[in-house]
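Okay, thanks for squeezing me in. I'll put the model up on the screen and then walk you through it.

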Amino acid sequence: MLDFEQFDFFGLDDLAATFPEFAGHLGGCRYTDYTHTKETDCAVRAAVRAGEIPATRHQSYVALYEILKKKPRWK
Ligand SMILES: [Zn+2]
């Protein structure tokens with residue numbers, strides 16, 4: 001069970017950086033503003049499909065993304 005309260009202190013832009021599994025793949029995305037949730041040529045999603053990133057980790061990321069997206073911006 002994830003404790004979502006602990007994610008209050010960072011924003012949407014920092015979310016991917018909190019997933020160490022994504023780090024080696026973020027540079028492979030064509031655009032730096034990719035959300036890594038649904039872009040068809042996203043390198044993170046490609047790594048999930050290739051089994052390099054556990055699908056459950058990406059699902060957690062998408063769930064958090066949806067939550068953070070609805071929060072007001074703090075910065
Ligand atoms: Zn991406």
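So, reading along the sequence, the pattern here is α-α-α-α. That's four helices and zero strands. Before anyone gets attached to the picture: this is a predicted model. The mean pLDDT of the protein is 86, with 83% of the residues at 70 or more. If you go element by element, H3 has the highest mean, 97, and H1 the lowest, 83. The usual caveat goes with that: where pLDDT is low, don't read the predicted coordinates in detail.

Now, the metal. Which residues coordinate the zinc ion? We've got Cys29 through SG, His36 through ND1 and Cys42 through SG, at 1.9 to 2.2 Å. For those of you who like motifs, the donor spacing in sequence is C-x6-H-x5-C. Both cysteines sit in the loop between helix H2, residues 23–26, and helix H3, residues 43–49, so the pair ties together parts that are 13 residues apart in sequence. One thing for setting up your topology: a disulfide is a covalent bond between the sulfur atoms of two cysteines. With a cut-off of 2.5 Å between the sulfurs, the count comes to zero disulfides.

Are those two cysteines buried or exposed? Both are buried. The cut-off for that is under 20% relative accessible area. Cys29 counts as buried because its relative accessibility is 8%, and Cys42 because its relative accessible area is 1%.

Staying with the zinc site for a moment, have a look at His58, over in helix H4. His58 is at 9% relative accessibility, so this one counts as buried too. Skipping residues up to four places away in sequence, His58 touches the zinc donor His36, along with Phe22, Thr37, Val44, Arg45 and Val48.

Phe22 brings me to the core. The largest nonpolar core has 17 residues, and the ones with the most contacts inside it are Leu15, Phe19, Phe22, Ile53 and Tyr61. Helix H1 (12–15), H3 and helix H4 (55–70) each supply at least two residues of this core. Take Phe19 as an example: leaving out neighbours within four places in sequence, Phe19 is in contact with Arg57, Ser60, Tyr61 and Leu64.

Zooming out to the whole chain, 35% of the 75 residues count as buried. The accessible surface is about 5,100 Å², and 56% of that belongs to carbon and sulfur atoms. If you take contacts with a separation of 6 or more, 54% of them are between residues 24 or more positions apart.

Two pairs to show what that looks like along the chain. Glu66 is in helix H4, and Leu12 is 54 residues away in sequence, yet their C-alpha atoms are separated by 9.3 Å. Glu66 itself is partly exposed, at 29% relative accessible area. The other pair is Asp33 and Asp13: 20 residues apart in sequence, 8.4 Å apart C-alpha to C-alpha. Asp33 is in that same loop between H2 and H3, and at 61% relative accessibility it counts as exposed.

To recap: four helices, a zinc ion on Cys29, His36 and Cys42, and a largest nonpolar core of 17 residues. That's my bit, over to you.

Key:
Residues are numbered from 1 along each chain as its sequence is written. This is a predicted model: local features need pLDDT of at least 70, side-chain atom pairs count only at pLDDT 80 or more; totals for chains, interfaces and linings use all residues. Side-chain values use heavy atoms; hydrogens and water are left out. Donors are N, O and S atoms within 2.8 Å of the metal (3.2 Å for Na, K and Ca); water is not among the atoms, so sites may look incomplete. Buried means under 20% relative accessible area, exposed over 50%, partly exposed in between (1.4 Å probe, protein chains only). Contact means heavy atoms within 4.5 Å. Accessible areas come from the Shrake-Rupley method with a 1.4 Å probe; for residues, only the protein chains shown count as cover. A nonpolar core is a set of buried Ala, Val, Leu, Ile, Met, Phe, Trp, Tyr and Cys residues joined through side-chain atoms within 4.5 Å. pLDDT is the predictor's confidence in each residue, from 0 to 100.
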